[in-house]
Amino acid sequence: MSNGIDFVGYITRPSYRLVRRRTVAKCQTTIARQTQAITITKPPGTTLYFPPLLYDKLRATINSYLGIFRH
């Protein structure tokens, strides 16, 4: 019990709870992949375009991970 119990994306210890490192890494790669899908790099600079479906998917993903991290 002192090392914690790994359960459903968290490591639960006697007095506190941590988010699993694998969950944080997956969050970073997922958001980076989705951000890359809405970014166009051209010689004068970088342009973001927001097609509604990709934007809504990115926003839903970010809100989902924020809910996990808030606990």
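A residue counts as buried when its relative accessible area is under 20%. By that rule, 15% of the 71 residues of this protein are buried. The structure shown above is a predicted model, so please read what follows as a tour of that prediction.

**Overall layout**

The protein has two helices and five strands. Starting at the N terminus, these elements follow the order β-β-β-α-β-β-α. The radius of gyration is 17 Å, well over the 11 Å that the globule rule gives for 71 residues, so the protein is more spread out than a compact globule. Along the principal axes, its C-alpha atoms fill a box of roughly 55 × 25 × 15 Å. Among contacts with a separation of 6 or more, 32% join residues that are 24 or more positions apart.

**The N-terminal strands**

Let us begin with the loop between β1 (5–7) and β2 (10–12), where V8 has its place. The phi angle of V8 is near 50 degrees, a positive value in a residue other than glycine. V8 is also exposed, with a relative accessible area of 57%.

A little further along the chain there is a pairing of charge and ring. The charged end of R17 sits over the ring of Y10, at 5.5 Å from the ring centre.

**Helix α1**

Helix α1 covers residues 21–37. At 1.5 Å a residue, its 17 residues should span 24 Å, and the end C-alpha atoms are 25 Å apart, which agrees. Which residues of α1 are buried? They are T23, C27, T30 and Q34. These residues cover an arc of only 75 degrees around the axis, which puts them on the same side of α1. The general geometry helps here: an α-helix has 3.6 residues a turn, so residues three or four places apart point the same way. On the other side of α1, the exposed residues are R21, R22, Q28, R33 and Q36. The cover over the buried residues of α1 includes β3 (17–19) and α2 (52–70).

Two residues of this helix deserve a closer look. T23 lies in α1 and counts as buried, at 13% relative accessibility. Leaving aside residues up to four places away in sequence, T23 touches G9, Y65 and I68. V24 also has its place in helix α1, but at 31% relative accessibility V24 counts as partly exposed. With the same sequence neighbours left out, V24 touches V19 and F69.

**Helix α2**

For α2, the 19 residues should span 27 Å at 1.5 Å a residue, and the end C-alpha atoms are 27 Å apart, which agrees. The buried residues of α2 are L58, T61 and Y65. Seen down the axis of α2, they fall within an arc of 65 degrees, so they line one face of the helix. What covers them includes α1. On the other side of α2, P52, L53 and R70 are exposed.

How many aromatic pairs does the model hold? The count comes to one. The rings of Y65 and F69 have their centres 6.1 Å apart and their planes at 25 degrees, so the pair is stacked; planes under 30 degrees apart count that way. Y65 and F69 both lie in α2, four residues apart, about one turn of the helix. Y65 counts as buried at 13% relative accessibility, whereas F69, at 32%, counts as partly exposed. Both rings have links to α1 as well: Y65 is one of the residues touched by T23, and F69 is one of those touched by V24.

At L53, in helix α2, the picture is one of exposure, with a relative accessibility of 73%.

**Accessibility of selected residues**

| Residue | Relative accessibility | Class |
|---|---|---|
| V8 | 57% | exposed |
| T23 | 13% | buried |
| V24 | 31% | partly exposed |
| L53 | 73% | exposed |
| Y65 | 13% | buried |
| F69 | 32% | partly exposed |

**Distances between the helices**

Two C-alpha separations round off the picture. L53 and Q36 are 17 residues apart along the chain, and their C-alpha atoms are separated by 14 Å. For V24 and L54, 30 residues apart along the chain, the C-alpha separation is 21 Å.

Key: Residues are numbered from 1 along each chain as its sequence is written. This is a predicted model: local features need pLDDT of at least 70, side-chain atom pairs count only at pLDDT 80 or more; totals for chains, interfaces and linings use all residues. Side-chain values use heavy atoms; hydrogens and water are left out. The expected span of a helix is 1.5 Å times one less than its number of residues. Buried means under 20% relative accessible area, exposed over 50%, partly exposed in between (1.4 Å probe, protein chains only). The arc is that of the directions from the helix axis to the C-beta atoms. Contact means heavy atoms within 4.5 Å. Rings of Phe, Tyr and Trp (its six-membered ring) pair if their centres lie within 6.5 Å; planes under 30 degrees apart count as stacked, over 60 as edge-to-face and the rest as tilted. A charge sits over a ring if NZ of Lys or CZ of Arg is within 6 Å of the ring centre and within 35 degrees of the ring normal. The radius of gyration is taken over C-alpha atoms; the globule rule is 2.2 Å times the number of residues to the power 0.38.
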